[in-house]
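Biologist: Let us walk through this structure together. I will ask, and you reason from the model.

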Amino acid sequence: MRSHVIPALIAIGACCGDAGARTWQYAPGAGTLQGVLDGAADRDTVVIEGVVAEGGIMIQKPLTLLGRPGAVIDGAGTGHVIEVKADGVVLRGLTVRGTLV
């Protein structure tokens, strides 16, 4: 089993369906969301709580980005808020706002 050293993440269990995939909890103020996404492995799930005021998120691997009730990713008018560059990406339960596009 591989070791994850990502201070902004807390493992909360295994994700159903993919052996070895993990589910991670992320809350604003615990590093950057981009850092969390970069540190997650293929097929992992990142669960977001609260309002993340960080634009220009790029997802470059197959993973799930899941928002708890009230979860928002706010780009603050910086352009693309979320850019997906991989197949197999799932976005669910998120409000995305603050884009110039």
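Modeller: Start with a pair of strands. In this predicted model, strand 2 and strand 3 run parallel and are joined by 4 bridges. The chain gets from strand 2 to strand 3 through helix 1, in a right-handed β-α-β crossover.

Biologist: Which residue of strand 3 is the bridge partner of Trp-24?

Modeller: Strand 2 covers residues 22–26, and 4 of its 5 residues are buried, so the rest of the structure largely encloses it. Trp-24 has its bridge partner in strand 3. That partner is Val-46.

Biologist: Is Asp-44 buried or exposed?

Modeller: Asp-44 sits in the loop between helix 1 and strand 3. A polar atom of its side chain lies 2.9 Å from the backbone nitrogen of Ala-41. Its relative accessibility is 0%, and buried means under 20%. So Asp-44 is buried.

Biologist: What separates the C-alpha atoms of Ala-40 and Lys-61?

Modeller: Ala-40 is in the loop between helix 1 and strand 3. With a relative accessible area of 2%, Ala-40 is buried. Lys-61 is 21 residues away along the chain. Between the two C-alpha atoms the distance is 8.9 Å.

Biologist: Which residues does Ala-71 touch, leaving out those up to four places away in sequence?

Modeller: Ala-71 lies in the loop between strand 6 and strand 7. Ala-71 counts as buried because its relative accessibility is 2%. Val-96 is 25 residues from Ala-71 in sequence, with 8.8 Å from C-alpha to C-alpha. The residues touched by Ala-71 are Ile-48, Gly-50, Gly-93, Leu-94 and Thr-95.

Biologist: Now for charges. Which residue forms a salt bridge with Arg-97?

Modeller: Side chains of opposite charge can pair when their charged atoms come close. Arg-97 is in strand 10, and its partner is 23 residues away in strand 7. The closest N and O atoms are 3.0 Å apart, within the 4 Å limit. The partner is Asp-74.

Biologist: Is Asp-74 buried or exposed?

Modeller: Arg-97 has 40% relative accessibility, so it counts as partly exposed. Asp-74 has 18%, and the cut-off for buried is under 20%. Asp-74 therefore counts as buried.

Biologist: How many salt bridges are there?

Modeller: One of them joins Arg-97 and Asp-74. Lys-85 and Glu-83 also meet in a salt bridge, at 3.3 Å from N to O. Lys-85 is exposed, with a relative accessible area of 51%, while Glu-83 is partly exposed at 27%. The count is 2.

Terms used:
Residues are numbered from 1 along each chain as its sequence is written. This is a predicted model: local features need pLDDT of at least 70, side-chain atom pairs count only at pLDDT 80 or more; totals for chains, interfaces and linings use all residues. Side-chain values use heavy atoms; hydrogens and water are left out. Helices (H or I, at least four residues) and strands (E, at least two) are DSSP runs, numbered from the N terminus. Buried means under 20% relative accessible area, exposed over 50%, partly exposed in between (1.4 Å probe, protein chains only). A polar contact is a pair of N or O atoms within 3.5 Å; within protein, one must be able to donate a hydrogen and the other to accept it, and residues adjacent in sequence count only if both atoms are side-chain atoms. Two strands pair if DSSP finds at least two bridges between them. A crossover is right-handed if, with the strands pointing away from the viewer, the path from the first strand over the helix to the second runs clockwise. Contact means heavy atoms within 4.5 Å. A salt bridge is a side-chain nitrogen of Lys or Arg within 4 Å of a carboxyl oxygen of Asp or Glu.
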